[in-house]
Amino acid sequence: MATLKRWVLRRRPAGEIQPGDLDLVEEPIRDLAEGEVLVRTLYLSLDPTNRIWMSDQDQYMPPVGIGDTMRGGSLGVVERSRSERFKQGDVVNAGLGGWTTHVISDAAFLTPAPQLPGVPLTAYMSVLGATGLTAWFGMCDIGKPQPGETVVVSAAAGAVGSIAGQIAKLKGARVIGIAGGKAKCDWLTGELGFDGAIDYKNEDVGTALDRLCPNGIDVNFENVGGDIMDAVVSRMNNFGRMPLCGMISTYNDADRPAGPKDFARVLMHRLTIRGFIIIDFLPRAAEAMAELIPWVMEGKLKWKVHVDQGLEGAMDSLQRLFTGNHDGKLLIQVSPEP
Ligand SMILES: NC(=O)c1ccc[n+]([C@@H]2O[C@H](COP(=O)([O-])OP(=O)(O)OC[C@H]3O[C@@H](n4cnc5c(N)ncnc54)[C@H](OP(=O)(O)O)[C@@H]3O)[C@@H](O)[C@H]2O)c1
């Protein structure tokens, strides 16, 4: 009998995820009901927000329930279908299909994966997926960089940050990235065209910002929170904009993270801070794709994916997001591409 494997949340992690917080279970694949489709997972997206979903803090979606399959975005291929909408072999976006080798879904919840010539499937999980949309809406809709303005991006060599910084460059801004380690910083300035990069693991971020942003900062694309956010906010110019995309440095903390230390600066310098979650922008995805797809096809936008093999290692792989031990959008290849 055919079986599937899935990761189940057993308890809410305290601090970093520990063995036993999730459990890998194997079980028979049930028969399909009318209108259902069996999808074999090809790629699973691992995201910092997975850690938030494991907790029961106040958040933008219900937390994953104890005993439920861990939630996660995935792309898969149809293995069996009892729907006229999909046939065996179709590659589909399974939405939040979860940390599972197979998912049975109502066909209505699946969409065909886009397929552009010469573009690998993993691109639809990164630059042309939620990652690219997050970077585009955060930068273009909220950050709104103008030619000549100074933009700072934290976690700049990561999936979202690397795209966000390149978008700001394409819009004519000066872009400074903050990332951990020389190799990541060299990639930002050497290959992505950033105007400067700060290795926060080896230099003082405030001192480096003073050097690289002598005219202050107009846009802060915030991915990290904490001390890095403080250093950037305290150098923001009048009418500066801060798309608050993420605060990864705080996701393992039990306490609610504090806001910028110098909150008065928001008033005195008339800053706009706007938190955003990409799901709110999905109805407008076509606006972003109208720029992202040509940039990708013309080679103007670069991206990297870091693909780990096998669902079994998902818990260990997720830790990479918190140590930085990955290079680009973190994915798991759960099964071979058709
Ligand atoms: N608002 C939304 O809808 C949305 C959607 C997607 C992602 N996000 C957010 O965007 C941010 C980036 O996500 P991503 O998926 O693109 O992941 P990513 O940047 O590819 O990976 C996370 C990176 O964060 C950095 N990092 C981790 N802990 C840190 C710390 N304590 N201090 C400084 N840097 C740290 C590491 O980079 P280094 O190696 O440089 O240290 C790591 O590689 C996250 O905050 C995430 O929650 C938000």
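Me: Which residue forms a salt bridge with Asp-21?

Reply: Start with the general idea: side chains of opposite charge can pair when their charged atoms come close. To count as a salt bridge, a side-chain nitrogen of Lys or Arg must be within 4 Å of a carboxyl oxygen of Asp or Glu. Here Asp-21 forms one with Arg-11, and the closest N and O atoms are 2.6 Å apart. Both Asp-21 and Arg-11 lie in the loop between β1 and β2, so the pair ties together parts that are ten residues apart in sequence. Helices (H or I, at least four residues) and strands (E, at least two) are DSSP runs, numbered from the N terminus.

A quick word on the source: this is a predicted model, where local features need pLDDT of at least 70 and side-chain atom pairs count only at pLDDT 80 or more, while totals for chains, interfaces and linings use all residues. Residues are numbered from 1 along each chain as its sequence is written, and side-chain values use heavy atoms, with hydrogens and water left out.

Me: Is Asp-21 buried or exposed?

Reply: Use the relative accessible area: under 20% is buried, over 50% is exposed, and in between is partly exposed (1.4 Å probe, protein chains only). Asp-21 is buried, at 2%, whereas Arg-11 is partly exposed, at 41%.

Me: What else does the side chain of Asp-21 have beside a polar atom?

Reply: The backbone nitrogen of Gln-18 lies 2.7 Å from a polar atom of the Asp-21 side chain.

Me: How many salt bridges does the structure hold?

Reply: There are 22 of them. One is between Arg-6 and Glu-27, with the closest N and O atoms 2.8 Å apart. This pair links distant parts of the chain, 21 residues apart: Arg-6 is in strand β1 (residues 3-9) and Glu-27 in strand β2 (residues 22-28). Glu-27 counts as partly exposed, at 27% relative accessibility.

Another is the bridge between Asp-186 and Lys-182, at 2.6 Å from N to O. Both residues sit in helix α4 (residues 182-190), four residues apart, which is about one turn of the helix. Lys-182 is exposed, with 59% relative accessibility, while Asp-186 is partly exposed, with 38%. Salt bridges can also share partners, and in that way Asp-141, Arg-284 and Glu-287 are joined into one network.

Me: What is the nearest side chain of opposite charge to Glu-222?

Reply: For this, Lys and Arg count as positive and Asp and Glu as negative, with His and the chain ends not counted. The answer is Arg-235, 11 Å away, and Glu-222 is buried yet has no salt bridge. You'll find Glu-222 in the loop between β11 (217-221) and α6 (226-233). Its side chain does make a polar contact, at 2.9 Å, with the side chain of Asn-220. A polar contact is a pair of N or O atoms within 3.5 Å; within protein, one must be able to donate a hydrogen and the other to accept it, and residues adjacent in sequence count only if both atoms are side-chain atoms.

Me: In which sense do β3 and β4 pair?

Reply: Two strands pair if DSSP finds at least two bridges between them. Strands β3 (residues 36-45) and β4 (residues 74-81) run antiparallel, with seven bridges. Look for Val-37, which stands opposite Ser-81 in β4. β4 also pairs with strand β5 (residues 91-93), again in the antiparallel sense, over three bridges. There, Gly-76 has Val-92 in β5 as its bridge partner.

Me: How many residues of helix α2 are buried?

Reply: In α2 (residues 130-143), 13 of the 14 residues are buried, so call the helix mostly covered. Right after α2 comes Lys-144, with a positive phi near 45°.

Me: Which residue in strand β12 should I look at for phi?

Reply: Most residues other than glycine have a negative phi, and most peptide bonds are trans. Phe-239 has a positive phi, near 65°, and lies in strand β12 (residues 236-244). Arg-270 isn't a glycine either, yet has a positive phi of about 50°. Arg-270 is in the loop between α7 (264-268) and β13.

Me: Which residues form a nonpolar patch on the surface?

Reply: They are Tyr-60, Ile-279 and Leu-282, with about 230 Å² of accessible area together. Patch residues have over 30% relative accessible area and no salt bridge; like charges are joined within 9 Å, nonpolar side chains (Val, Leu, Ile, Met, Phe, Trp, Tyr) within 5 Å. Areas come from the Shrake-Rupley method with a 1.4 Å probe, and for residues only the protein chains shown count as cover. Leu-282 is partly exposed, at 41%, and lies in the loop between β13 (272-275) and α8 (285-297).
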